[in-house]
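Q: I have just opened this one and would like to be walked through it. Could you take my questions as they come?

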Amino acid sequence: MSSAPLESLAAPAPPAGSHALRLFNFERRWLLAIICTILPSGSAERLPWGATDAPLGSFLDDLLDSAPLKFVAGVRACVWLVVLSPPLLLGRFTTFFGLNAADRLLVLERLKQNPIYVVREMPLMFKMIVCLGFCGLPQVQHALGIHPIDATPPAWARPEERSLR
């Protein structure tokens, strides 16, 4: 559900970066898919956009290329655990991406209810990542009432910056 206010940003696109220490491109695409599950478009009237409507692929490239390696290693471990967890959590021999949207949310919910602290906090870490990027957009800040509202979008969200990469 694309909405006019986000049209001034770079077009949504998958992550372009890839590095053995900073997530391969397929792992970045997996992370974006998990984020899109957490923040779907059109789920709230106040905020009609979701992760698929914003250039979060560029955000992930920017974040993962500059974050400390310990953080990136933690993200990698969490992504792999989510992708491979459906057989253990749902009893189905499939990956996270073989599930429909409702079952993907169920996997994240079951992880959130796990008695092991580190596993229980994984969905929160994904939410933190999506909030860092999505709430950095002035249009989203305005819609959510976050003040002060940034005058310009971050460099990763600007169309002219995206074309220079």
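Q: Is Cys-135 buried or exposed, or partly exposed?
A: Cys-135 counts as partly exposed, at 23% relative accessibility, where buried means under 20% relative accessible area, exposed over 50% and partly exposed in between, with a 1.4 Å probe and protein chains only. Before going on, please note that this is a predicted model, in which local features need pLDDT of at least 70 and side-chain atom pairs count only at pLDDT 80 or more, while totals for chains, interfaces and linings use all residues. Residues are numbered from 1 along each chain as its sequence is written, and side-chain values use heavy atoms, with hydrogens and water left out.

Q: What about Cys-131, buried or exposed?
A: Cys-131 is partly exposed, with a relative accessible area of 43%.

Q: And how many disulfides does the structure hold?
A: The structure holds 0 disulfides, a disulfide being a pair of cysteine sulfur atoms within 2.5 Å.

Q: Why is there no bond from the sulfur of Cys-131 to the closest cysteine sulfur?
A: The closest cysteine sulfur to that of Cys-131 belongs to Cys-135, and because it is 4.6 Å away, it is too far for a bond.

Q: Moving on to helices, how many residues of helix 2 are buried?
A: Helix 2, which spans residues 56-66, is mostly covered, as 8 of its 11 residues are buried. Helices here are DSSP runs of H or I with at least four residues, numbered from the N terminus.

Q: Which ones are they, the buried residues of helix 2?
A: The buried residues of helix 2 are Leu-56, Gly-57, Ser-58, Phe-59, Leu-60, Asp-61, Leu-63 and Leu-64.

Q: At what angle do helix 5 and helix 6 pack?
A: Helix 5 (residues 101-112) and helix 6 (residues 117-134) pack at about 125 degrees, and their axes are 6 Å apart. That makes helix 5 oblique to helix 6, since angles under 35 degrees count as roughly parallel, over 145 as roughly antiparallel, 65 to 115 as roughly perpendicular and the rest as oblique. The axes are lines fitted to C-alpha atoms, for helices over the stretch in contact, and the angles run from 0 to 180 degrees between N-to-C directions.

Q: Which residues make that contact?
A: From helix 5 they are Leu-108, Leu-111 and Lys-112, and from helix 6 they are Val-119, Arg-120, Met-122, Pro-123 and Lys-127, where contact means heavy atoms within 4.5 Å. By class, this contact of helix 5 with helix 6 has 5 nonpolar, no polar and 3 charged residues. Here Ala, Val, Leu, Ile, Met, Phe, Trp, Tyr, Cys and Pro count as nonpolar, Asp, Glu, Lys and Arg as charged, and the others, Gly among them, as polar.

Q: How do the axes of helix 1 and helix 6 cross?
A: The axes of helix 1 and helix 6 cross at roughly 90 degrees and come within 10 Å, and the two helices are therefore roughly perpendicular to each other. On the helix 1 side, Leu-31, Ile-34, Ile-35 and Ile-38 meet Pro-123, Phe-126, Lys-127, Ile-129 and Val-130 of helix 6. The residues of this contact of helix 1 with helix 6 divide into 8 nonpolar, no polar and 1 charged.

Q: Staying in helix 1, is Glu-27 buried or exposed?
A: Glu-27, which is found in helix 1, is buried, with a relative accessible area of 3%.

Q: What does its side chain, that of Glu-27, make a polar contact with?
A: The side chain of Glu-27 makes a polar contact with the side chain of Trp-80, at 2.6 Å. A polar contact is a pair of N or O atoms within 3.5 Å; within protein, one must be able to donate a hydrogen and the other to accept it, and residues adjacent in sequence count only if both atoms are side-chain atoms. Leaving aside neighbours within four places in sequence, Glu-27 is in contact with Arg-76, Val-79 and Trp-80.

Q: Changing topic to the backbone, where is Pro-148?
A: Pro-148 is placed in the loop between helix 7 (138-144) and helix 8 (159-164), and the peptide bond from His-147 to Pro-148 is cis, with omega near -5 degrees.

Q: And what is phi of Leu-23?
A: Phi of Leu-23 is near 80 degrees, which is a positive value in a residue other than glycine. Leu-23 lies in the segment before helix 1 (25-38) and counts as buried, at 0% relative accessibility.
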